[in-house]
Amino acid sequence: MVEVARPQRIAAATAVFGLAMAGAHLLGTPAAYADDVKPSVPPGTEASASAPVPIDVNSPGLKLPQGGTLAPVKVLDLVEVVEDLGGEQRRQETNQTVMMALQSEVLFPENSAVFNAQAAARIQAVANEINQQKATRVRVFGFTDDQGSYEHGKELSKQRADAVQAELAKTVNAPGVVFDVRGYSEDYPIADNSTEEGRKKNRRVEITFPRSEK
């Protein structure tokens, strides 16, 4: 994918953002924001949870060799990943979160943040599950491959994440839902950028939300 850097109009963008947020507040629509001071990280890169049960280092059942010690406890969350045959959509579940990754090609034309004809139906399906899980915080993160400039990739990935968030907000009905929307450019690849197949996987939008307690 060829990506060409474009000049950014920071002052104008700031003014438009301020007006958009004010309008959202007045209309009672879901809020979307990105905290640049303490940025979120993509799903799967967060610190592990604390140990669910205490471990007795003196327990005879451990059968440590003489002089042996236990390494610091690390909790590994179980992860289930399901990907369709074409790799266009990937679902990743842990016991805490659900993450849906949609390849950019199934949502947008090349180098564009304008939806194609099939995008709305795919995003609607994700919104329905968010409602089913009763999620009140949703992360929408955009990513590109490593082709073209990093800055343009960051702009494009953020524009695509913004577009997906706006579409989700039409259907997600949890009161006070908060969207965390970010663009990461080529950071956090999930496949090899040296092949077109890998670059296609890396051009994606990830939507992550907590699982409801059952």
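Arginine 204 is buried in this predicted model, with a relative accessible area of 3%. That makes a good place to start a walk through the chain, since a buried arginine invites a look at what surrounds its side chain.

**Around arginine 204**

Arginine 204 belongs to strand S7, which covers residues 204-210. Where do its polar atoms find partners? One polar atom of the arginine 204 side chain lies 3.0 Å from the backbone oxygen of asparagine 202. The side chain of glutamate 206 also makes a polar contact with the side chain of arginine 204, at 2.7 Å. Leaving aside residues up to four places away in sequence, arginine 204 touches Arg90, Leu102, Gln103, Ser104, Phe141, Gly142, Phe143, Tyr188 and Ile190.

**The chain as a whole**

Stepping back, the chain holds four helices and seven strands. Read from the N terminus, their order is α-β-β-β-β-α-β-α-β-α-β. Of the 214 residues in the chain, 34% are buried. Among contacts between residues at least 6 apart in sequence, 72% join residues at least 24 apart. The accessible surface of the chain is about 12,900 Å², and carbon and sulfur atoms account for 57% of that area.

**Strands S3, S4 and S7**

S4 pairs with two strands discussed here. With S3 the pairing is antiparallel and runs over five bridges, and the two strands form a hairpin with three residues between them. One of the pairs in register is arginine 90 with alanine 101 of S4. With S7, S4 again pairs in the antiparallel sense, over seven bridges; here valine 98 has phenylalanine 209 of S7 as its bridge partner. S4 is mostly covered, with six of its seven residues buried.

**Helix H2 and its packing**

H2 has 15 residues and reaches 22 Å from its first C-alpha to its last, close to the 21 Å expected at 1.5 Å a residue. Which residues of H2 are buried? They are Ala119, Arg122, Ile123, Val126, Ala127, Glu129, Ile130, Asn131 and Gln133. These buried residues pack against strands S3 (89-93), S4 and S5 (137-143), helix H3 (150-169) and S7.

Valine 126, a residue of helix H2, gives a closer view of that packing. Valine 126 counts as buried because its relative accessibility is 2%, under the 20% cut-off. Beyond residues up to four places away in sequence, valine 126 touches Met100, Leu168, Ile207 and Phe209. The C-alpha atoms of valine 126 and methionine 100 are separated by 7.4 Å, although the two residues are 26 apart along the chain.

**Positive phi angles**

If you like checking backbone geometry, here are residues to look at. H2 is followed by lysine 134, whose phi is positive, near 55 degrees. Asparagine 111 has a positive phi near 60 degrees, in a residue other than glycine, and sits in the loop between strand S4 (97-103) and helix H2 (119-133). Serine 185 also has a positive phi, near 55 degrees; its place is in the loop between strand S6 (178-183) and helix H4 (196-202). Is each of these two loop residues buried or partly exposed? Asparagine 111 is partly exposed at 30% relative accessibility, whereas serine 185 is buried at 0%.

**Salt bridges**

The model has 13 salt bridges. The table gives some of them.

| Basic residue | Acidic residue | Closest N and O atoms |
|---|---|---|
| Arginine 91 | Glutamate 93 | 2.9 Å |
| Arginine 199 | Glutamate 196 | 3.3 Å |
| Arginine 203 | Glutamate 196 | 2.8 Å |

In the pair from the top row, arginine 91 is partly exposed at 22% relative accessibility, while glutamate 93 is buried, with a relative accessible area of 17%.

How are arginine 199 and glutamate 196 placed in helix H4? They are three residues apart there, so about one helical turn separates them. Arginine 199 is buried at 15% relative accessibility. Arginine 203, the other partner of glutamate 196 in the table, is buried as well, with a relative accessible area of 3%. Glutamate 196 itself is partly exposed at 40% relative accessibility. Through shared partners, salt bridges link Glu105, Asp145, Glu196, Arg199 and Arg203 into one network.

How values were computed
Residues are numbered from 1 along each chain as its sequence is written. This is a predicted model: local features need pLDDT of at least 70, side-chain atom pairs count only at pLDDT 80 or more; totals for chains, interfaces and linings use all residues. Side-chain values use heavy atoms; hydrogens and water are left out. Buried means under 20% relative accessible area, exposed over 50%, partly exposed in between (1.4 Å probe, protein chains only). A polar contact is a pair of N or O atoms within 3.5 Å; within protein, one must be able to donate a hydrogen and the other to accept it, and residues adjacent in sequence count only if both atoms are side-chain atoms. Contact means heavy atoms within 4.5 Å. Accessible areas come from the Shrake-Rupley method with a 1.4 Å probe; for residues, only the protein chains shown count as cover. The expected span of a helix is 1.5 Å times one less than its number of residues. Two strands pair if DSSP finds at least two bridges between them. A salt bridge is a side-chain nitrogen of Lys or Arg within 4 Å of a carboxyl oxygen of Asp or Glu.
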